[in-house]
There are 2 protein chains.
Amino acid sequence: MTPQKLTETLRQKGICPTAQRVAVYEYLLTHRTHPTADTLYHALVKDNPSFSRTTVYNTVHVLAKAGLIRVLTIDADEQHFDAFMGEHGHFWCACCEKLFDFSLSADTASSLVSDGFLVETSDVYATGVCPACQAKVKK
Amino acid sequence: MTPQKLTETLRQKGICPTAQRVAVYEYLLTHRTHPTADTLYHALVKDNPSFSRTTVYNTVHVLAKAGLIRVLTIDADEQHFDAFMGEHGHFWCACCEKLFDFSLSADTASSLVSDGFLVETSDVYATGVCPACQAKVKK
DNA sequence: TAATACTTTTGTAATGATTACAAATCTGTT
DNA sequence: AACAGATTTGTAATCATTACAAAAGTATTA
């Protein structure tokens, strides 16, 4: 996505496209690594020495409220952020403590709607051991 | 579940059934309200003045590791605990800030297994507005 | 029953992610 | 250029959770 397109997307959602917000959103779109606030801060302060942690939190809240990113709470210690909004789940490996995406068959929230809930976000989380860590243990 | 049965269940999982652990597990089994550590503490300290917050955390970790309860991270502010282990999802109402159960059609984790992940826990979370709060707004 | 080793509980103190807040800066409009 | 409103920034506070070590409890052995 070009910087112009990014700016346009933010504007369409009624978000003033400041340099900081564009930087955060662009980082999340180009790094599908589910970074934490701290990771975002360290990555972006390099290009903008006055960049602050508070701005990270302000920005991700604004983006999440607009539905442009997800806030992942699978890790109780730290929030992780994800700008990939396609239907997918998240897997937390208890061994290497990394977050993985996994494909999701389909209609997770369908029963919710039928129960009268108005759904704004939905997430599928799983924990366990990832393939790489399973292989390590077997050695 | 009788106290004897509770004790037996803990023992079967290799957990020493101390009075505190039985109390926590019993509270969770009889209150399907997804309490927080603080709620558990205040409820149980009444019957045992020396009961401590640390014991709440110790105990829920032990129970969760044994697969007897779930630790819910849907609320980023506080962990919630749930001893009902049947397949169901959790809904967080952004309006009244309450947690609801919802029924789940079926095979959430099936695609995960096919990708080689070893699944230990899985949870489906959704947020939005519950039926009661929708009715309130419409008035 | 007493002695011993081991587990669990308890209270206090530390940790650290997140939020509160107000001053400074930026943005868009006249 | 000046103004009002929004955003950013740095610092200080908040508060759930964890670390830790002493005290209490539990089980095992003789």
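1. Start at the backbone of S52(A): in this predicted model, one of its backbone N or O atoms sits 3.5 Å from a phosphate oxygen of DNA strand D.

2. Two side chains are worth finding next. Y57(B) places a polar side-chain atom 2.5 Å from a phosphate oxygen of DNA strand D. From the other chain, Q20(A) has a side-chain N or O atom 3.0 Å from a sugar or linking oxygen of the strand.

3. Which elements give two or more residues to the surface near DNA strand D? In chain A they are α2 (19–30) and α4 (53–65), and in chain B it is α4 (53–65).

4. If you would like to look around the strand as a whole, there are 18 residues around DNA strand D, and those that come nearest are T18(A), S50(A), T55(A), Y57(B) and Q79(B). On the DNA side, sugar and phosphate make up 73% of the strand's atoms that come within 4 Å of the protein.

5. What classes of residue form this surface? Eleven are polar, four are nonpolar and three are charged.

6. Now step back to the two protein chains. Chain A can be superposed on chain B by a rotation of 180° with 0.0 Å of shift along its axis, giving an RMSD of 0.0 Å. This is how a two-fold axis relates two copies. To locate the axis from chain A, look for V124(A): its C-alpha is the nearest in that chain, 2.3 Å away.

7. Finally, the contact between the chains: 100% of the interface residues of chain A are interface residues in chain B too, so the copies meet through the same surface.

Notes: Residues numbered from 1 in each chain as written. Chains lettered and ligands numbered in written order. Predicted model: local features only at pLDDT ≥ 70, side-chain atom pairs only at ≥ 80, totals over all residues. Heavy atoms only, no water. Least-squares fit on C-alpha atoms with pLDDT ≥ 70 in both. Contact = heavy atoms within 4.5 Å. Near = heavy atom within 4 Å. Polar contact = N/O pair within 3.5 Å; in protein donor to acceptor, adjacent residues only side chain to side chain. Helix = DSSP H or I, 4+ residues; strand = E, 2+ residues; numbered from the N terminus. Nonpolar A, V, L, I, M, F, W, Y, C, P; charged D, E, K, R; others polar.
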